[in-house]
Amino acid sequence: MINPSYTKGKNSYQYQAEEPNLSAKIQIKNGSKNEVSRQREPRNDVSITNDSNRGRVAIFIDGGNLFNAALQLGIEIDYLKLLCRLTAGSRLLRAFFYTGVDMSRPTPTRQRSNEKQQGFLFWMRRNGYRVVTKELQPTDNTKKPNLNVEIAVDMITLAPYFDTAVLVSGDGDLAYAVNAVTSTGVRVEVVSLRTMTNDCLIDVADCFIDLDSIKQYIQKDSHLGYGYRTLSNSNL
């Protein structure tokens, strides 16, 4: 439920001089592009840290997409560092983390196999994240969870209450939702690994940051670990 005390202030960020006119921006109708897309080169992380006009920030993280990006980069994400980096001193409205989980009950032949993940999600909830999960079918371990609908709905529903959205995903299926949010005057920053990011998502975003350019600021120190709890008899 949305807290009615949230009120969105006037968007204070200024468009940069090199921003193209509206006719040059990509328009998406019926899921297709009606103009030739203008590809953007990835900006470095200075666009996050030095922009004082981001207003109120909401963060939307596709957990599966980020996990695969971290594997390609050969790093383990420190989620406290990530939250601080993406917020960058701005006022944080909410930070969402979307992931699939195995919520099936243990049986004599199949013990619970996701205790580590449950501990991780418990830790995330206690450290600034709103965790959104989707149950996985235990009979189909090869199917990856798709939470694009949940991400899109949350972005559009909360759009009146934030000034900048940070989307950590490279999935092109989210381009339509991003385009809808930007049309309301909200700034959208897409953060993902460039090789895993669809061009149509970059085209409709106001800013793209390659994870490779900020990996040194968000990776976990090798000698540190999270204090996850063992949740053998609790429901999250």
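The following exchange concerns a predicted model and its helices, strands and salt bridges.

Biologist: On what basis are the residues numbered and the values computed?

Modeller: Residues are numbered from 1 along each chain as its sequence is written. As this is a predicted model, local features need pLDDT of at least 70, side-chain atom pairs count only at pLDDT 80 or more, and totals for chains, interfaces and linings use all residues, while side-chain values use heavy atoms, with hydrogens and water left out.

Biologist: Which strands run parallel to β4, and how many of the residues of β4 are buried?

Modeller: Helices (H or I, at least four residues) and strands (E, at least two) are DSSP runs, numbered from the N terminus, and two strands pair if DSSP finds at least two bridges between them. Strand β3 (residues 56-62) is joined to β4 by seven bridges, with I59 opposite A95; strand β5 (residues 130-135) is joined to β4 by six, with F96 opposite R130. Buried means under 20% relative accessible area, exposed over 50%, and partly exposed in between (1.4 Å probe, protein chains only). The parallel partners of β4 are thus β3 and β5, and strand β4 (residues 91-101) is largely enclosed by the rest of the structure, because its buried residues number nine of 11.

Biologist: Over what arc do the buried residues of α2 lie, and on which side?

Modeller: The buried residues of α2 are G63, N65, L66, A69, A70 and L73. The arc is that of the directions from the helix axis to the C-beta atoms. The buried residues are on the same side of α2, since the arc that they cover is only 160°.

Biologist: Which residues are exposed on the other side of α2?

Modeller: The buried residues of α2 are covered by elements including β3, α3, β4, β6 (164-168), β7 and α8, where contact means heavy atoms within 4.5 Å. On the other side of the helix, the exposed residues are F67, L71 and Q72.

Biologist: Which residue caps the N-terminal end of α2?

Modeller: A polar contact is a pair of N or O atoms within 3.5 Å; within protein, one must be able to donate a hydrogen and the other to accept it, and residues adjacent in sequence count only if both atoms are side-chain atoms. At α2, a side-chain oxygen lies 3.3 Å from the backbone nitrogen of G64, and the residue that supplies this oxygen is D62.

Biologist: Within what arc do the buried residues of α8 fall?

Modeller: In helix α8 (residues 211-218), L211, I214 and I218 are buried. These residues line one face of the helix, because seen down its axis they fall within an arc of 80°.

Biologist: Against which elements do the buried residues of α8 pack, and which backbone nitrogen does D210 reach?

Modeller: The packing partners are α2 (63-73), α3 (79-87), β7 (187-192) and β8 (207-210). At the start of α8, a side-chain oxygen of D210 comes within 3.0 Å of a backbone nitrogen, that of D212.

Biologist: Which residue meets E76 in a salt bridge, and is this partner buried or exposed?

Modeller: A salt bridge is a side-chain nitrogen of Lys or Arg within 4 Å of a carboxyl oxygen of Asp or Glu, and by this rule the count comes to seven. E76 and K220 meet at 2.8 Å, N to O; E76 lies in the loop between α2 and α3 and K220 in the segment after α8, 144 residues apart. E76 is partly exposed because its relative accessible area is 46%. The partner, K220, has 16% relative accessibility and therefore counts as buried.

Biologist: Which residue of helix α3 meets D221 in a salt bridge?

Modeller: D221 is in the segment after α8, 140 residues from its partner in α3. At 31% relative accessibility D221 counts as partly exposed. The N to O distance is 3.4 Å, and the partner is K81.

Biologist: Which residues form a network through shared salt-bridge partners?

Modeller: R187 and E189 are both buried, and their side chains meet in a salt bridge at 3.0 Å, N to O. Through shared partners, the network joins R54, R187 and E189.

Biologist: Which backbone oxygen lies 2.7 Å from the side chain of T197?

Modeller: T197 is in the loop between β7 and α7, and counts as buried because its relative accessibility is 7%. Not counting residues up to four places away in sequence, T197 touches G170, S192, I202 and F208. The backbone oxygen that lies 2.7 Å from a polar atom of the T197 side chain is that of L193.
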